[in-house]
Amino acid sequence: MYTQALDTLGAEAASLGEGALEQRFLARVDAEEKIEPKDWMPARYRNTLIRQISQHAHSEIVGMLPEGNWITRAPTLKRKAILIAKVQDEGGHGAYLYSAAETLGVSRDQLIDQLLSGKAKYSSIFNYPTPTWADVGAIGWLVDGAAIMNQIPLCRCSYGPYARGMVRVCREESFHQRQGYDLMLHLARGTPEQKRMAQEALNRWWWPALMMFGPSDANSTHSGDSQRWKIKRFSNDELRQKFVDFTVPQAKFLDLSVPDPLLRWDEAKQMHTFGPIDWNEFDQVLKGNGPCNVERLAARRHAHAEGQWVRDAASAYAEKQRQRAITQAA
Ligand code: BYC
(Lines give C-alpha, C1' and ligand atoms only; values in the text may rest on other atoms or scores of the structure.)
Protein backbone atom coordinates (compact mmCIF):
# COMPACT_ATOMS: atom_id res chain seq x y z
CA MET A 1 0.00 0.00 0.00
CA TYR A 2 1.26 3.51 -0.69
CA THR A 3 -0.02 7.03 -0.96
CA GLN A 4 1.28 10.13 -2.67
CA ALA A 5 -0.60 12.90 -0.89
CA LEU A 6 -2.95 13.64 1.97
CA ASP A 7 -6.33 15.20 1.31
CA THR A 8 -5.58 18.86 0.80
CA LEU A 9 -8.49 19.79 3.06
CA GLY A 10 -7.11 17.79 6.01
CA ALA A 11 -9.28 18.05 9.16
CA GLU A 12 -11.54 20.58 7.43
CA ALA A 13 -12.93 17.71 5.30
CA ALA A 14 -14.66 16.30 8.40
CA SER A 15 -16.76 19.47 8.81
CA LEU A 16 -18.17 19.35 5.25
CA GLY A 17 -21.33 17.46 4.38
CA GLU A 18 -21.44 14.67 1.77
CA GLY A 19 -22.91 17.04 -0.88
CA ALA A 20 -20.17 19.64 -0.45
CA LEU A 21 -17.48 16.98 -0.49
CA GLU A 22 -18.85 15.52 -3.71
CA GLN A 23 -18.97 18.96 -5.35
CA ARG A 24 -15.41 19.59 -4.36
CA PHE A 25 -14.39 16.15 -5.66
CA LEU A 26 -16.05 16.82 -9.04
CA ALA A 27 -14.42 20.25 -9.28
CA ARG A 28 -11.03 18.64 -8.69
CA VAL A 29 -11.72 16.04 -11.37
CA ASP A 30 -12.83 18.78 -13.79
CA ALA A 31 -9.65 20.72 -13.04
CA GLU A 32 -7.63 17.60 -14.03
CA GLU A 33 -6.24 17.19 -10.50
CA LYS A 34 -5.31 13.64 -9.57
CA ILE A 35 -7.36 11.99 -6.84
CA GLU A 36 -5.05 10.22 -4.39
CA PRO A 37 -5.74 7.28 -2.03
CA LYS A 38 -6.33 9.36 1.11
CA ASP A 39 -8.50 11.98 -0.59
CA TRP A 40 -12.24 11.95 -0.05
CA MET A 41 -14.00 10.25 -2.93
CA PRO A 42 -17.60 9.11 -3.49
CA ALA A 43 -18.20 5.45 -2.65
CA ARG A 44 -19.36 4.79 -6.23
CA TYR A 45 -16.10 6.19 -7.64
CA ARG A 46 -14.11 3.97 -5.26
CA ASN A 47 -16.17 0.90 -6.17
CA THR A 48 -15.93 1.56 -9.90
CA LEU A 49 -12.16 1.82 -9.62
CA ILE A 50 -11.86 -1.35 -7.53
CA ARG A 51 -14.01 -3.17 -10.12
CA GLN A 52 -12.11 -1.93 -13.18
CA ILE A 53 -8.58 -2.08 -11.76
CA SER A 54 -9.08 -5.57 -10.31
CA GLN A 55 -10.63 -6.87 -13.55
CA HIS A 56 -7.66 -5.36 -15.34
CA ALA A 57 -5.22 -7.07 -12.93
CA HIS A 58 -6.96 -10.44 -13.34
CA SER A 59 -6.80 -10.00 -17.14
CA GLU A 60 -3.04 -9.55 -17.01
CA ILE A 61 -2.58 -12.66 -14.88
CA VAL A 62 -4.99 -14.91 -16.81
CA GLY A 63 -3.56 -13.35 -19.99
CA MET A 64 -0.23 -15.05 -19.28
CA LEU A 65 -1.79 -18.43 -20.04
CA PRO A 66 -2.60 -18.42 -23.80
CA GLU A 67 0.91 -17.31 -24.78
CA GLY A 68 2.62 -19.20 -21.94
CA ASN A 69 1.30 -22.29 -23.74
CA TRP A 70 3.96 -21.69 -26.44
CA ILE A 71 7.08 -20.97 -24.34
CA THR A 72 8.35 -24.55 -24.53
CA ARG A 73 7.66 -24.75 -28.27
CA ALA A 74 8.88 -21.36 -29.55
CA PRO A 75 10.70 -22.02 -32.86
CA THR A 76 14.00 -20.25 -32.06
CA LEU A 77 15.99 -19.23 -28.99
CA LYS A 78 15.43 -15.55 -29.82
CA ARG A 79 11.64 -15.98 -30.07
CA LYS A 80 11.62 -17.99 -26.86
CA ALA A 81 13.54 -15.28 -24.97
CA ILE A 82 11.17 -12.59 -26.28
CA LEU A 83 8.11 -14.62 -25.32
CA ILE A 84 9.39 -15.39 -21.81
CA ALA A 85 10.10 -11.66 -21.28
CA LYS A 86 6.65 -10.72 -22.52
CA VAL A 87 4.76 -13.21 -20.39
CA GLN A 88 6.83 -12.15 -17.37
CA ASP A 89 5.93 -8.50 -18.08
CA GLU A 90 2.22 -9.42 -17.97
CA GLY A 91 2.73 -10.90 -14.49
CA GLY A 92 4.39 -7.63 -13.47
CA HIS A 93 1.46 -5.62 -14.84
CA GLY A 94 -0.90 -7.72 -12.74
CA ALA A 95 1.23 -7.01 -9.65
CA TYR A 96 1.22 -3.20 -10.22
CA LEU A 97 -2.52 -3.27 -10.77
CA TYR A 98 -3.28 -5.31 -7.63
CA SER A 99 -1.15 -2.77 -5.71
CA ALA A 100 -3.12 0.12 -7.23
CA ALA A 101 -6.40 -1.59 -6.25
CA GLU A 102 -5.11 -2.12 -2.69
CA THR A 103 -4.71 1.66 -2.26
CA LEU A 104 -8.54 1.80 -2.41
CA GLY A 105 -8.93 -0.32 0.73
CA VAL A 106 -9.36 -3.82 -0.65
CA SER A 107 -6.86 -6.62 0.00
CA ARG A 108 -5.08 -8.67 -2.64
CA ASP A 109 -6.33 -11.86 -0.98
CA GLN A 110 -9.94 -10.70 -1.38
CA LEU A 111 -9.36 -9.90 -5.04
CA ILE A 112 -7.65 -13.20 -5.77
CA ASP A 113 -10.47 -15.08 -3.99
CA GLN A 114 -12.96 -13.30 -6.26
CA LEU A 115 -11.02 -14.44 -9.33
CA LEU A 116 -10.56 -18.04 -8.19
CA SER A 117 -14.19 -18.42 -7.10
CA GLY A 118 -15.30 -17.31 -10.57
CA LYS A 119 -17.05 -14.18 -9.20
CA ALA A 120 -14.71 -11.63 -10.80
CA LYS A 121 -14.56 -10.87 -14.50
CA TYR A 122 -11.39 -10.74 -16.58
CA SER A 123 -11.05 -9.81 -20.24
CA SER A 124 -13.10 -12.01 -22.58
CA ILE A 125 -10.14 -12.29 -24.97
CA PHE A 126 -8.21 -14.71 -22.78
CA ASN A 127 -10.85 -17.41 -23.11
CA TYR A 128 -9.77 -18.25 -26.66
CA PRO A 129 -7.22 -20.97 -27.53
CA THR A 130 -3.78 -20.64 -29.17
CA PRO A 131 -3.59 -23.70 -31.45
CA THR A 132 -0.60 -22.54 -33.57
CA TRP A 133 2.56 -20.48 -33.18
CA ALA A 134 0.94 -17.77 -35.32
CA ASP A 135 -1.57 -17.15 -32.51
CA VAL A 136 1.32 -15.79 -30.43
CA GLY A 137 1.96 -13.22 -33.18
CA ALA A 138 -1.74 -12.39 -33.50
CA ILE A 139 -2.04 -11.83 -29.74
CA GLY A 140 0.92 -9.44 -29.69
CA TRP A 141 -0.27 -7.55 -32.75
CA LEU A 142 -4.02 -7.43 -32.06
CA VAL A 143 -4.56 -8.05 -28.35
CA ASP A 144 -1.68 -5.89 -27.15
CA GLY A 145 -2.56 -3.40 -29.90
CA ALA A 146 -6.12 -3.16 -28.56
CA ALA A 147 -4.80 -2.98 -25.00
CA ILE A 148 -2.56 0.00 -25.89
CA MET A 149 -5.46 1.80 -27.58
CA ASN A 150 -7.49 1.38 -24.39
CA GLN A 151 -4.68 2.03 -21.91
CA ILE A 152 -2.98 5.13 -23.33
CA PRO A 153 -6.01 7.23 -22.29
CA LEU A 154 -5.94 5.48 -18.88
CA CYS A 155 -2.53 7.15 -18.29
CA ARG A 156 -4.66 10.33 -17.86
CA CYS A 157 -7.19 8.64 -15.57
CA SER A 158 -8.27 10.81 -12.62
CA TYR A 159 -7.06 8.27 -10.03
CA GLY A 160 -3.33 8.84 -9.44
CA PRO A 161 -2.07 5.31 -8.68
CA TYR A 162 -3.91 3.79 -11.68
CA ALA A 163 -2.75 6.54 -14.04
CA ARG A 164 0.89 6.24 -12.95
CA GLY A 165 0.82 2.43 -13.19
CA MET A 166 -0.49 2.70 -16.75
CA VAL A 167 2.48 4.79 -17.93
CA ARG A 168 4.90 1.91 -17.37
CA VAL A 169 2.43 -0.72 -18.56
CA CYS A 170 1.94 1.14 -21.85
CA ARG A 171 5.67 1.34 -22.51
CA GLU A 172 5.94 -2.42 -22.13
CA GLU A 173 2.77 -3.09 -24.15
CA SER A 174 4.25 -1.15 -27.02
CA PHE A 175 7.21 -3.59 -27.15
CA HIS A 176 4.70 -6.45 -26.95
CA GLN A 177 2.73 -5.13 -29.90
CA ARG A 178 5.90 -4.62 -31.96
CA GLN A 179 7.18 -8.16 -31.33
CA GLY A 180 3.77 -9.58 -32.32
CA TYR A 181 3.67 -7.58 -35.55
CA ASP A 182 7.26 -8.59 -36.33
CA LEU A 183 6.34 -12.25 -35.82
CA MET A 184 3.32 -11.87 -38.13
CA LEU A 185 5.49 -10.12 -40.73
CA HIS A 186 7.95 -13.02 -40.75
CA LEU A 187 5.14 -15.54 -41.18
CA ALA A 188 3.31 -13.47 -43.80
CA ARG A 189 6.53 -13.15 -45.85
CA GLY A 190 7.51 -16.77 -45.25
CA THR A 191 6.42 -19.99 -46.97
CA PRO A 192 2.82 -20.36 -48.24
CA GLU A 193 2.17 -22.61 -45.22
CA GLN A 194 3.44 -19.92 -42.81
CA LYS A 195 1.34 -17.26 -44.54
CA ARG A 196 -1.71 -19.50 -44.23
CA MET A 197 -1.04 -19.90 -40.49
CA ALA A 198 -0.82 -16.10 -40.12
CA GLN A 199 -4.11 -15.61 -41.99
CA GLU A 200 -5.89 -18.24 -39.91
CA ALA A 201 -4.66 -16.65 -36.69
CA LEU A 202 -5.93 -13.25 -37.87
CA ASN A 203 -9.29 -14.88 -38.63
CA ARG A 204 -9.43 -16.31 -35.11
CA TRP A 205 -8.43 -13.15 -33.21
CA TRP A 206 -9.98 -10.27 -35.17
CA TRP A 207 -13.52 -10.37 -33.76
CA PRO A 208 -12.54 -11.28 -30.17
CA ALA A 209 -10.06 -8.33 -30.29
CA LEU A 210 -12.91 -5.97 -31.23
CA MET A 211 -14.93 -7.34 -28.29
CA MET A 212 -12.12 -6.42 -25.86
CA PHE A 213 -13.35 -2.82 -25.95
CA GLY A 214 -16.56 -3.90 -24.20
CA PRO A 215 -20.24 -3.68 -25.14
CA SER A 216 -21.51 -1.04 -27.54
CA ASP A 217 -21.99 2.41 -25.97
CA ALA A 218 -25.75 1.84 -25.85
CA ASN A 219 -25.21 -1.21 -23.62
CA SER A 220 -22.27 0.02 -21.55
CA THR A 221 -23.56 0.36 -17.98
CA HIS A 222 -20.54 2.07 -16.45
CA SER A 223 -19.36 4.42 -19.22
CA GLY A 224 -21.54 7.39 -18.20
CA ASP A 225 -20.14 7.61 -14.66
CA SER A 226 -16.64 6.60 -15.69
CA GLN A 227 -16.43 9.33 -18.32
CA ARG A 228 -17.92 11.92 -15.95
CA TRP A 229 -15.23 10.98 -13.40
CA LYS A 230 -12.51 10.98 -16.07
CA ILE A 231 -11.61 7.35 -15.43
CA LYS A 232 -12.46 6.61 -19.06
CA ARG A 233 -11.58 9.34 -21.55
CA PHE A 234 -13.23 7.70 -24.57
CA SER A 235 -16.26 5.48 -24.99
CA ASN A 236 -16.00 1.78 -25.88
CA ASP A 237 -17.16 2.39 -29.46
CA GLU A 238 -14.78 5.34 -29.96
CA LEU A 239 -11.79 3.23 -28.96
CA ARG A 240 -12.96 0.28 -31.06
CA GLN A 241 -13.22 2.57 -34.10
CA LYS A 242 -9.72 3.98 -33.51
CA PHE A 243 -8.39 0.43 -33.28
CA VAL A 244 -10.01 -0.62 -36.58
CA ASP A 245 -8.72 2.50 -38.37
CA PHE A 246 -5.23 1.92 -37.03
CA THR A 247 -5.04 -1.83 -37.62
CA VAL A 248 -6.59 -2.31 -41.08
CA PRO A 249 -3.62 -0.63 -42.87
CA GLN A 250 -1.27 -2.87 -40.86
CA ALA A 251 -3.15 -5.95 -42.14
CA LYS A 252 -2.80 -4.59 -45.69
CA PHE A 253 0.95 -4.22 -45.23
CA LEU A 254 1.07 -7.87 -44.14
CA ASP A 255 -0.99 -8.72 -47.25
CA LEU A 256 -3.52 -10.49 -45.00
CA SER A 257 -7.31 -10.08 -45.20
CA VAL A 258 -9.38 -8.86 -42.30
CA PRO A 259 -12.20 -11.45 -41.93
CA ASP A 260 -15.04 -8.98 -42.39
CA PRO A 261 -16.81 -8.83 -45.79
CA LEU A 262 -18.54 -5.57 -44.77
CA LEU A 263 -15.33 -3.72 -43.91
CA ARG A 264 -14.80 -0.66 -46.11
CA TRP A 265 -13.27 2.80 -46.05
CA ASP A 266 -15.86 5.57 -45.80
CA GLU A 267 -14.30 8.51 -47.64
CA ALA A 268 -16.86 11.03 -46.37
CA LYS A 269 -16.44 10.08 -42.71
CA GLN A 270 -12.70 9.37 -43.09
CA MET A 271 -13.08 6.12 -41.15
CA HIS A 272 -13.73 2.44 -41.70
CA THR A 273 -17.19 0.99 -41.38
CA PHE A 274 -17.33 -2.62 -40.31
CA GLY A 275 -19.75 -5.52 -39.95
CA PRO A 276 -21.83 -6.32 -36.85
CA ILE A 277 -20.13 -7.83 -33.81
CA ASP A 278 -21.59 -11.10 -32.53
CA TRP A 279 -22.66 -9.87 -29.08
CA ASN A 280 -24.21 -13.23 -28.32
CA GLU A 281 -20.71 -14.77 -28.46
CA PHE A 282 -19.42 -11.99 -26.15
CA ASP A 283 -22.24 -12.63 -23.64
CA GLN A 284 -21.56 -16.35 -23.66
CA VAL A 285 -17.85 -15.83 -22.98
CA LEU A 286 -18.70 -13.46 -20.09
CA LYS A 287 -21.06 -16.07 -18.65
CA GLY A 288 -18.21 -18.60 -18.52
CA ASN A 289 -19.13 -20.49 -21.70
CA GLY A 290 -16.23 -19.43 -23.94
CA PRO A 291 -13.90 -22.05 -25.46
CA CYS A 292 -11.34 -21.90 -22.61
CA ASN A 293 -13.06 -20.36 -19.53
CA VAL A 294 -13.00 -23.60 -17.53
CA GLU A 295 -9.40 -24.38 -18.49
CA ARG A 296 -8.17 -20.87 -17.60
CA LEU A 297 -9.70 -20.86 -14.11
CA ALA A 298 -8.50 -24.40 -13.45
CA ALA A 299 -4.95 -23.33 -14.38
CA ARG A 300 -5.11 -20.31 -12.03
CA ARG A 301 -6.51 -22.41 -9.16
CA HIS A 302 -3.78 -24.99 -9.66
CA ALA A 303 -1.05 -22.29 -9.72
CA HIS A 304 -2.47 -20.71 -6.55
CA ALA A 305 -2.52 -24.03 -4.70
CA GLU A 306 1.02 -24.86 -5.87
CA GLY A 307 2.22 -21.48 -4.58
CA GLN A 308 0.85 -22.00 -1.06
CA TRP A 309 4.23 -23.12 0.32
CA VAL A 310 5.87 -19.92 -1.00
CA ARG A 311 3.28 -17.74 0.75
CA ASP A 312 3.65 -19.82 3.94
CA ALA A 313 7.45 -19.53 3.83
CA ALA A 314 7.30 -15.76 3.28
CA SER A 315 4.86 -15.33 6.19
CA ALA A 316 7.00 -17.50 8.48
CA TYR A 317 10.10 -15.46 7.57
CA ALA A 318 8.27 -12.15 8.18
CA GLU A 319 7.07 -13.44 11.58
CA LYS A 320 10.63 -14.52 12.49
CA GLN A 321 11.94 -11.04 11.60
CA ARG A 322 9.17 -9.42 13.65
CA GLN A 323 9.97 -11.56 16.71
CA ARG A 324 13.68 -10.82 16.32
CA ALA A 325 13.00 -7.06 16.21
CA ILE A 326 10.90 -7.32 19.41
CA THR A 327 13.64 -9.30 21.21
CA GLN A 328 16.33 -6.82 20.14
CA ALA A 329 14.21 -3.83 21.24
CA ALA A 330 13.55 -5.37 24.69
N1 BYC B 1 -14.31 -8.80 -21.12
O2 BYC B 1 -20.14 -0.84 -18.74
P3 BYC B 1 -19.00 -1.50 -19.44
C4 BYC B 1 -3.62 -7.20 -21.66
C5 BYC B 1 -17.87 -6.09 -18.64
S6 BYC B 1 -4.84 -7.27 -20.44
C7 BYC B 1 -14.96 -9.11 -19.97
O8 BYC B 1 -18.63 -0.97 -20.77
P9 BYC B 1 -16.52 -0.57 -18.29
C10 BYC B 1 -2.83 -8.39 -21.95
C11 BYC B 1 -17.61 -4.95 -17.67
O12 BYC B 1 -16.59 -5.30 -16.76
C13 BYC B 1 -5.68 -5.73 -20.61
N14 BYC B 1 -15.87 -8.26 -19.41
O15 BYC B 1 -17.75 -1.58 -18.46
C16 BYC B 1 -2.55 -9.31 -20.98
C17 BYC B 1 -18.97 -4.79 -17.05
O18 BYC B 1 -19.21 -5.87 -16.15
P19 BYC B 1 -19.51 -5.64 -14.55
C20 BYC B 1 -7.11 -5.77 -20.24
C21 BYC B 1 -16.08 -7.10 -20.04
O22 BYC B 1 -15.70 -1.06 -17.16
C23 BYC B 1 -1.85 -10.46 -21.29
C24 BYC B 1 -19.90 -5.04 -18.22
O25 BYC B 1 -19.16 -5.82 -19.14
N26 BYC B 1 -7.55 -4.40 -20.29
O27 BYC B 1 -3.47 -6.20 -22.24
O28 BYC B 1 -16.98 0.85 -18.26
C29 BYC B 1 -1.42 -10.69 -22.60
C30 BYC B 1 -20.39 -3.75 -18.88
O31 BYC B 1 -19.31 -3.08 -19.59
C32 BYC B 1 -15.44 -6.73 -21.22
C33 BYC B 1 -8.32 -3.83 -19.35
O34 BYC B 1 -8.75 -4.46 -18.42
C35 BYC B 1 -14.52 -7.63 -21.77
N36 BYC B 1 -13.85 -7.38 -22.91
O37 BYC B 1 -15.69 -0.74 -19.66
C38 BYC B 1 -1.68 -9.74 -23.58
C39 BYC B 1 -8.57 -2.35 -19.53
N40 BYC B 1 -15.88 -5.50 -21.59
O41 BYC B 1 -18.22 -5.22 -13.94
C42 BYC B 1 -2.37 -8.58 -23.27
C43 BYC B 1 -9.24 -1.69 -18.35
C44 BYC B 1 -16.78 -5.13 -20.69
O45 BYC B 1 -20.56 -4.59 -14.45
N46 BYC B 1 -10.68 -1.78 -18.40
N47 BYC B 1 -16.92 -6.09 -19.76
O48 BYC B 1 -19.97 -6.99 -14.06
C49 BYC B 1 -11.46 -0.96 -19.14
O50 BYC B 1 -10.98 -0.09 -19.84
C51 BYC B 1 -12.93 -1.11 -19.04
O52 BYC B 1 -13.22 -1.87 -17.86
C53 BYC B 1 -13.60 -1.80 -20.29
C54 BYC B 1 -15.10 -1.99 -20.00
C55 BYC B 1 -13.43 -0.91 -21.49
C56 BYC B 1 -12.97 -3.18 -20.53
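## Burial and the first aromatic pair

A residue is called buried here when its relative accessible area is under 20%, exposed when that area is over 50%, and partly exposed in between. In this predicted model, Phe25 has a relative accessible area of 1%, and therefore counts as buried.

Aromatic pairs, of which the structure holds 9, offer a way into the interior. A pair of aromatic rings is described by the distance of the centres and the angle of the planes. For Phe25 and Trp40 the ring centres are 6.4 Å apart and the planes stand at 75 degrees, so this pair is edge-to-face, given that angles over 60 degrees are classed in that way. The two partners come from distant parts of the chain, since Phe25 belongs to helix H2 (residues 18-30) while Trp40 lies in the loop between H2 and helix H3 (43-62), at a separation of 15 residues. Phe25 and Trp40 also join Tyr45 and Trp229 in one aromatic cluster.

## Trp70 and its surroundings

Another edge-to-face pair is formed by Trp70 and Trp133, with 6.1 Å from centre to centre and 65 degrees between the planes. This pair, too, links distant parts of the chain: Trp70 is in the loop between helix H4 (64-68) and helix H5 (77-102), whereas Trp133 is in helix H7 (residues 133-154), 63 residues apart. Trp70 is buried, with a relative accessible area of 9%, and Trp133 is buried as well, with a value of 10%.

Trp70 has a charged residue over its ring, for Arg73 lies over the face of Trp70 at 4.0 Å from the ring centre. Elsewhere, the charged end of Arg189 is placed over the ring of Phe253, 4.9 Å from the centre of that ring.

## A buried threonine in a loop

Thr130 is located in the loop between helix H6 (108-116) and H7, and with a relative accessible area of 6% this residue is buried. Through its side chain, Thr130 makes a polar contact of 3.0 Å with the side chain of Asn69. When neighbours within four places in sequence are left aside, the residues in contact with Thr130 are Pro66, Asn69, Trp70, Asp135, Ile139 and Trp205; Trp70, described above as a partner of Trp133, is thus one of the contacts of this threonine.

## The nonpolar core

The largest nonpolar core has 79 residues, and the members that touch the most others are Tyr45, Ile53, Tyr159, Tyr162, Trp206 and Phe243. H7 supplies the largest share of this core, with 11 residues. Tyr45, one of these highly connected members, is also part of the aromatic cluster with Phe25, Trp40 and Trp229.

Phe243 can be followed in more detail. Leaving aside neighbours within four places in sequence, Phe243 is in contact with Leu142, Gly145, Ala146, Met149, Trp206, Ala209, Leu210 and Phe213, and among these contacts Trp206 is itself named with Phe243 as touching the most other core members.

## Two loop residues with positive phi

Glu32 has a positive phi of about 65 degrees, although this residue is not a glycine. Glu32 is placed in the loop between H2 and H3, and its relative accessibility of 43% means that it counts as partly exposed.

Gln270, likewise not a glycine, has a positive phi near 55 degrees. This residue is found in the loop between strand E1 (264-266) and strand E2 (271-273), and Gln270 is partly exposed, with a relative accessible area of 48%.

Note on methods:
Residues numbered from 1 in each chain as written. Predicted model: local features only at pLDDT ≥ 70, side-chain atom pairs only at ≥ 80, totals over all residues. Heavy atoms only, no water. Phe/Tyr/Trp six-rings, centres within 6.5 Å; stacked < 30°, edge-to-face > 60°. Helix = DSSP H or I, 4+ residues; strand = E, 2+ residues; numbered from the N terminus. Buried < 20%, exposed > 50% of the residue type's maximum accessible area, 1.4 Å probe, protein only. Lys NZ or Arg CZ within 6 Å of the ring centre and 35° of its normal. Core = buried A, V, L, I, M, F, W, Y, C linked by side-chain atoms within 4.5 Å. Contact = heavy atoms within 4.5 Å. Polar contact = N/O pair within 3.5 Å; in protein donor to acceptor, adjacent residues only side chain to side chain.
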